[in-house]
Amino acid sequence: MKILEHTFRVKPLSANLMTHRNKTLKQRVYLDYQNELRDEMQGKEWPFALDLVSFFIVAGFSNKGADLDNVLKPLFDTYQGIFEEFNDNKVYHTELHKAIMPKGKEFLYVRVSELTPEQIKESEIHAESKRNE
């Protein structure tokens, strides 16, 4: 099974910090975040071509009030900038976890793998039950 994993020593970025109010200009903190992730992934290849993928993410926050769901958009958008072959429309499964860390020890662990038959089957079961309602 193909896997791409990395632990970034960055504070997980909230989608709320991506752009200014007018939504057209990227904020400096977002550009810094993208550059840091890009620098750490230098030389890594996207091994999945156009395959469907699954993400397993652990976000280490120092703030208990941080919203876990806000981690996805900046991460996926940054990966699209790093890996030419990656498109977030190929992400069919994501598992998110939140950990509370001391200030200065924040991190973002990301593991990408091929979508498994079990994950596909689980999605199909849920979708089928909704079709039959």
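Rings of Phe, Tyr and Trp, with the six-membered ring taken for Trp, count as a pair if their centres lie within 6.5 Å. With that rule in hand, the aromatic residues are a good way into this structure, which is a predicted model.

**The aromatic cluster**

By this rule the model holds 11 aromatic pairs. One aromatic cluster is formed by Trp46, Phe48, Phe55, Phe76, Tyr79, Phe83 and Phe86. Two pairs with members in this cluster are set side by side here.

| Pair | Centre to centre | Angle between planes | Geometry |
|---|---|---|---|
| Trp46 and Tyr79 | 6.5 Å | 90° | edge-to-face |
| Phe55 and Phe86 | 5.9 Å | 55° | tilted |

Where do the partners sit along the chain? Trp46 belongs to the loop between α1 (28-40) and β2 (53-61), while Tyr79 is part of helix α2 (residues 72-82), so their pair ties together parts that are 33 residues apart in sequence. The pair of Phe55 and Phe86 also links distant parts of the chain: Phe55 is in strand β2 and Phe86 in the loop between α2 and β3, 31 residues apart.

Are these four rings buried or exposed? Trp46 and Tyr79 are both buried. Phe55 has a relative accessible area of 0%, and because buried means under 20%, Phe55 is buried. The same cut-off applies to Phe86, which has 4% relative accessibility and therefore counts as buried too.

**The overall fold**

Stepping back from the rings, the protein chain has 3 helices and 4 strands. Read along the sequence, these elements follow the pattern β-α-β-α-β-β-α. The C-alpha trace spans about 45 × 35 × 35 Å along its principal axes. Of the 133 residues of the chain, 36% count as buried.

**The sheet**

Strands of a sheet pair through backbone hydrogen bonds, and they do so either parallel or antiparallel. Here, 4 strands form an open sheet with mixed pairing, in the order β1-β4-β2-β3. Its edge strands are β1 (3-8) and β3 (91-100), each of which pairs on one side only. On average, neighbouring strands of this sheet are turned by 10° against each other, direction ignored.

At the β1 edge, strand β4 (residues 107-114) runs antiparallel to β1, and 6 bridges join the two. One example to look for in the model is Thr7, whose bridge partner in β4 is Tyr109.

At the other edge, strand β3 contains Ile100. Its relative accessibility is 42%; because the partly exposed class lies between 20% and 50%, Ile100 counts as partly exposed. Ile100 and Pro117 are 17 residues apart along the chain, and their C-alpha atoms are separated by 32 Å.

**Helix packing and a charge over a ring**

Two packed helices are described by the angle between their axes and the distance between the axes. For α1 and α2, the angle is about 55° and the axes are 10 Å apart. Angles from 35 to 65 degrees fall outside the parallel and perpendicular classes, so α1 and α2 are oblique to each other. The crossing of α1 and α2 is right-handed.

Which residue lies over the face of Phe56? That residue is Arg111, at 4.4 Å from the ring centre.

Note on methods: Residues are numbered from 1 along each chain as its sequence is written. This is a predicted model: local features need pLDDT of at least 70, side-chain atom pairs count only at pLDDT 80 or more; totals for chains, interfaces and linings use all residues. Side-chain values use heavy atoms; hydrogens and water are left out. Two strands pair if DSSP finds at least two bridges between them. Axes are lines fitted to C-alpha atoms, for helices over the stretch in contact, and angles run from 0 to 180 degrees between N-to-C directions. Rings of Phe, Tyr and Trp (its six-membered ring) pair if their centres lie within 6.5 Å; planes under 30 degrees apart count as stacked, over 60 as edge-to-face and the rest as tilted. Buried means under 20% relative accessible area, exposed over 50%, partly exposed in between (1.4 Å probe, protein chains only). A charge sits over a ring if NZ of Lys or CZ of Arg is within 6 Å of the ring centre and within 35 degrees of the ring normal. Angles under 35 degrees count as roughly parallel, over 145 as roughly antiparallel, 65 to 115 as roughly perpendicular and the rest as oblique. A crossing is left-handed if the near helix is turned anticlockwise from the far one by less than a right angle, and right-handed if clockwise.
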